[in-house]
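User: Please zoom in on one residue and the strands around it. What does it touch, and how is the sheet beside it put together?

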Amino acid sequence: MIPKKLIAILIAVVPFFITACSDDDDDLIGLWTRVSDLDGIARSDASSFTIGNKGYIVCGFDGKNRLKDLWEYDMNGGYWTQKASLPDEAAARNSAVSFAIGDKGYMGTGYNPDEGDAYGCLGDFWEYDPAGNQWSRKADFPGTARYGAVGFAVGGKGYIGTGYDGNYLKDFYSYNPGTNTWEQINSLINKRQYASSFVIDDVAYVVCGMNNLEYLEEFWKFDPKEGWTQLRDIADNSDDDYDDDYNIVGYNRAAFVIDGCAYITCGESGSIRTDTWKYYPSTDLWENVAKFKGTGRTVAVSFSNGSKGYVATGKNGTYCFDDVWTLDPYTYDDDDY
């Protein structure tokens with residue numbers, strides 16, 4: 001959900017089905033392939049998590065209604081199965097946070113103007129057990145209710161922070177599933193909403209997002225043993241040439257991990273994005289790879305089992321999507337030649 005003060009600006013700068021232009025990328029490596037469409041309703045602003053070789057999409061907004069259904073994608077078989085929706089006492093929502101810890105999925109916070117606070121914000125927190133196909137309520141998120149936050153799981157704990165509760169936020173909290181308790185940890189330096197996150201080798205990364213109508217350039221990693229560490233900016237801010245072509249800033253960008261490298265794609269920054277960037281944690285450098293081949297979109301979801309990455313749903317203007325795409329990062333697209 002976009003803050004009200006952004007609506008007029010975004011209407012002016014995000015026309016329907018217009019995508020951001022980029023340099024000729026015919027020689028950029030990567031092959032995007034469309035796979036089985038989501039069996040459920042087309043939607044945007046959903047949440048996703050991965051357990052083993054199964055990707056999950058939960059909740060979202062179909063343009064009229066907020067949703068509470070759950071869908072499971074088998075990354076080996078390539079098919080969808082509907083699973084248990086959120087229980088009656090849980091509000092339908094969009095712009096929530098989700099992640100997996102071990103063999104359980106977790107989802108919390110989010111937006112529903114009819115059931116949230118004065119800003120439509122939610123602060124409840126839920127666990128999904130695939131073995132029993134059931135949801136159970138856990139300890140509420142201890143920070144202010146919010147939406148557009150970011151979350152991840154590392155070291156056997158879940159983390160939720162940043163977002164919007166009427167103001168931009170930078171606080172962070174960790175969740176211990178063994179004790180069903182929360183603990184506040186050090187905050188980020190900059191407040192932000194609609195950031196992206198990914199995890200590589202039990203280290204989490206937070207990138208992109210916006211604050212006060214500005215696209216954030218700061219890039220951070222979080223190691224449970226060391227806390228927050230700032231990495232190189234994701235814009236051309238140095239005297240060196242490694243970042244001369246960087247154009248990574250934006251918000252609502254989808255991120256996933258394949259073979260120890262992260263990929264970030266889609267989203268928006270004044271216009272809808274289709275460019276894709278690959279991150280190498282060993283060098284802290286980004287590389288431009290093949291553009292997303294589906295229609296440009298924002299507020300899509302992503303999931304990955306570490307060897308395959310997927311981007312699904314999202315919207316362009318008022319049009320919501322139900323298509324699903326996967327990236328082969330080592331193959332060139334013959335259609336580009």
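Analyst:
**Arg43 and its surroundings**

Arg43 touches Leu38, Ile57, Cys59, Phe61, Asp62, Leu67, Asp69, Trp71, Thr313, Gly314, Cys320 and Phe321, leaving aside residues up to four places away in sequence. Touching here means heavy atoms within 4.5 Å. The model is predicted, so local features need a pLDDT of at least 70 and side-chain atom pairs count only at 80 or more, while totals for chains, interfaces and linings use all residues. Residues are numbered from 1 along each chain as its sequence is written, and side-chain values use heavy atoms, with hydrogens and water left out.

Start with the position. Arg43 sits in a loop, between β1 (31–35) and β2 (47–51). Strands are DSSP runs of E, at least two residues long, numbered from the N terminus. Is this residue buried or exposed? Arg43 counts as buried because its relative accessible area is 0%. The cut-off for buried is under 20%, with a 1.4 Å probe and protein chains only.

Now turn to the contacts in β3. This strand covers residues 54–61, and Arg43 reaches Ile57, Cys59 and Phe61 among its contacts. β3 is itself mostly covered, with seven of its eight residues buried.

Next comes the pairing. Two strands pair if DSSP finds at least two bridges between them. β2 and β3 are joined by five bridges and run antiparallel. Follow that pairing residue by residue. Phe49 has Tyr56 of β3 as its bridge partner. Ile51 faces Lys54 in β3. The two strands make a hairpin, with two residues between them. In this turn, Gly52 has a positive phi of about 60°.

β3 has a second partner to look at. Seven bridges link β3 to β4 (residues 66–74), and this pair is antiparallel too. Val58 stands opposite Leu70 in β4. Again there is a hairpin, here with four residues between the strands. Gly63 in this hairpin takes a positive phi near 100°. Arg43 also meets β4. Leu67, Asp69 and Trp71 are among its contacts.

Step back to the whole sheet. Its four strands follow the order β2-β3-β4-β5, paired antiparallel, and the sheet is open. β2 and β5 (79–83) are the edges; each has a single partner strand, so one side of each has no neighbour in the sheet. Neighbouring strands are turned by 25° against each other on average, direction ignored. The angle is taken between axes, which are lines fitted to C-alpha atoms, on a scale from 0 to 180 degrees between N-to-C directions.

What about the strand on the other side of the loop? β1 belongs to another open sheet of four strands, in the order β1-β28-β25-β24, with antiparallel pairing. β1 and β24 are its edges, each with a single partner strand, so one side of each lacks a neighbour in the sheet. The twist from one strand to the next averages 25°. The partner of β1 is β28 (residues 324–328), and this antiparallel pair has five bridges. One of the matches is Trp32, whose bridge partner in β28 is Leu327.

Put the two ends of the loop together. Arg43 lies between β1 and β2. β1 is an edge strand of one sheet, and β2 is an edge strand of the other.

Key
Buried means under 20% relative accessible area, exposed over 50%, partly exposed in between (1.4 Å probe, protein chains only).
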